[in-house]
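Student: I would like to go through this structure and ask how each label is justified.
Tutor: Go ahead; the sequence and structure come next.

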Amino acid sequence: MCGACGRTVVADPVLGSVRTTRDLLLVAQTVNAITSGLPGRPVVRVAGDGWVLPGRTGTTTSCDTVEQVWSALVSIHASGASRLAEALTSSLPASSALADRVLREGIAVVEPFRSGVMAT
């Protein structure tokens with residue numbers, strides 16, 4: 001907590017030291033574009049200083065970092081990890097530096113699931 005607004009600030013290496021609404025929206029847009037081919041795909045939405053992903057049973061998952069977004073997606077759609085990894089890899093290089101970092105973070109999170117080695 002920095003003290004200025006009274007909120008806890010969560011460090012995210014993908015976003016850097018400043019979180020703008022525009023950056024949060026760009027992350028959501030990038031993730032949603034990649035997951036558009038998944039059956040029953042969850043839609044990532046901006047909520048405050050992070051993101052929310054709806055689950056299949058009506059539950060929601062709150063995410064504070066880009067890594068948490070990708071991890072939540074993989075846990076929701078573990079069977080689609082291979083397709084997700086292929087979509088991420090084929091989307092590189094991205095159109096912006098932030099989108100590129102988002103995709104590379106996704107690859108780092110999805111690869112262990114794709115190869116069958118689940119990270120704990």
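Tutor: This is a predicted model. Start with the turn where E1 and E2 form a hairpin with 2 residues between them. Gly-48 in that turn has a positive phi of about 70°.

Student: How do you know that E1 and E2 pair?

Tutor: Pairing requires at least two bridges. E1 is joined to strand E2 (residues 50-54) by 3 bridges, so the requirement of at least two is met. The two strands run antiparallel. As an example, Val-46 has Trp-51 in E2 as its bridge partner.

Student: What makes E2 and E3 a pair?

Tutor: The same cut-off of at least two bridges applies. E2 and E3 have 4 bridges in the antiparallel sense, so they count as paired. Val-52 has its bridge partner, Ser-62, in E3. The hairpin of E2 and E3 has 5 residues between the strands, and Gly-58 there takes a positive phi near 90°.

Student: In what order do the strands lie in the sheet?

Tutor: The order is E1-E2-E3, in an open sheet of 3 strands with antiparallel pairing.

Student: Why do strand E1 and strand E3 stand at the edges?

Tutor: Strand E1 (45-47) and strand E3 (60-63) each have a single partner strand, so one side of each has no neighbour in the sheet. On average, neighbouring strands of this sheet are turned by 35° against each other, direction ignored.

Student: Which strands does helix H1 touch?

Tutor: Helix H1 (residues 21-34) packs on the sheet and touches E1 and E2. The direction of H1 makes about 30° with that of E2. Helix H2 (residues 66-76) also packs on the sheet, where it touches E2 and E3. For H2, the angle with the direction of E2 is about 5°.

Student: How do you know that the span of H1 agrees with what is expected?

Tutor: At 1.5 Å a residue, the 14 residues of H1 should span 20 Å. The end C-alpha atoms of H1 are 20 Å apart, so the two values agree. The buried residues of H1 include Leu-24, Val-27 and Val-31.

Student: What makes the buried residues of H3 line one face of the helix?

Tutor: In helix H3 (residues 81-90), the buried residues are Ala-81, Leu-84, Ala-85 and Leu-88. Seen down the axis of H3, they fall within an arc of 100°, and therefore line one face.

Student: Why is the contact of Asp-100 and Arg-104 called a salt bridge?

Tutor: The cut-off is 4 Å between a side-chain nitrogen of Lys or Arg and a carboxyl oxygen of Asp or Glu. For Asp-100 and Arg-104 the N to O distance is 2.8 Å, so the pair qualifies. A search of the whole structure finds 1 salt bridge.

Student: Where do Asp-100 and Arg-104 lie in helix H4?

Tutor: Helix H4 covers residues 97-114, and the two residues are 4 apart in it, so about one helical turn separates them.

Student: Are Asp-100 and Arg-104 buried or exposed?

Tutor: Buried means under 20% relative accessible area, and exposed means over 50%. Asp-100 has 17%, so Asp-100 is buried. Arg-104 has 47%, which lies in between, so Arg-104 is partly exposed. Of the 120 residues of the protein, 35% count as buried.

Student: What pattern does the protein follow along the sequence?

Tutor: The pattern is α-β-β-β-α-α-α, and the secondary structure comes to 4 helices and 3 strands.

Methods: Residues numbered from 1 in each chain as written. Predicted model: local features only at pLDDT ≥ 70, side-chain atom pairs only at ≥ 80, totals over all residues. Heavy atoms only, no water. Buried < 20%, exposed > 50% of the residue type's maximum accessible area, 1.4 Å probe, protein only. Axes fitted to C-alpha atoms, helices over the stretch in contact; angles between N-to-C directions. Contact = heavy atoms within 4.5 Å. Expected span 1.5 Å × (residues − 1). Arc of directions from axis to C-beta.
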